[in-house]
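This briefing covers cysteine pairing, charged contacts and a surface patch, in that order. Please keep the sequence and the structure at hand while reading.

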Amino acid sequence: PKPSPEIYLTVASRLELQPSRCLVVEDSLTGVLSAKLAGCCVSALTRTFAAHELLGGGADHIFEEFKSLKRSAGIQKYYR
């Protein structure tokens with residue numbers, strides 16, 4: 001269970017990617033912590049927690065709605 005990073009490490013391994021090349025989308029503080037412990041980049045949705053809480057919890061980026069996710073600064077490198 002989160003905040004264990006195991007699920008993210010397992011998925012990255014199965015995809016044959018380094019965790020640092022994976023973008024995780026989360027909406028909870030434990031999810032953000034879990035992904036960061038795995039070494040992933042985290043973009044957090046501000047539906048459950050405020051932006052300052054998610055950023056304080058380690059999120060690299062925040063967004064308010066899914067259509068804005070792709071436009072978020074700094075995450076284009078994760079799109080192929």
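In this predicted model, the sulfur of Cys40 lies 5.1 Å from the closest cysteine sulfur, which belongs to Cys22, and that is too far for a bond. A disulfide would require the two sulfur atoms to be within 2.5 Å, and the count of disulfides therefore comes to 0.

**Cysteines**
- Cys40 is buried, with a relative accessible area of 2%, and Cys22 is likewise buried, with a relative accessible area of 13%.
- Seen from the other side, Cys22 has its closest cysteine sulfur in Cys40, at 5.1 Å, again too far for a bond.

**Salt bridges**
- The structure holds 2 salt bridges, and one of them joins the side chains of Lys2 and Glu26 at 2.7 Å, N to O.
- This pair links distant parts of the chain, 24 residues apart, with Lys2 in the segment before α1 and Glu26 in strand β1 (residues 23–26).
- Lys2 is partly exposed at 41% relative accessible area, whereas Glu26 counts as buried at 6% relative accessibility.
- The side chains of Lys36 and Asp60 also meet in a salt bridge, at 2.9 Å, N to O, and this pair too links distant parts of the chain, from helix α2 (residues 29–38) to the loop between α3 (51–56) and β3 (61–63).
- Lys36 counts as partly exposed at 29% relative accessibility, and Asp60 counts as partly exposed at 34%.

**Nonpolar surface patch**
- Ile7, Val11 and Leu15 form a nonpolar patch on the surface, together offering about 270 Å² of accessible area.
- Within this patch, Val11 is placed in helix α1 (residues 6–14) and counts as partly exposed, at 41% relative accessibility.

Key. Residues numbered from 1 in each chain as written. Predicted model: local features only at pLDDT ≥ 70, side-chain atom pairs only at ≥ 80, totals over all residues. Heavy atoms only, no water. Patch = residues over 30% accessible without salt bridge, like charges linked within 9 Å, V, L, I, M, F, W, Y side chains within 5 Å. Areas by Shrake-Rupley, 256 points an atom, 1.4 Å probe, with all protein chains shown as cover. Salt bridge = Lys/Arg side-chain N within 4 Å of Asp/Glu carboxyl O. Helix = DSSP H or I, 4+ residues; strand = E, 2+ residues; numbered from the N terminus. Buried < 20%, exposed > 50% of the residue type's maximum accessible area, 1.4 Å probe, protein only.
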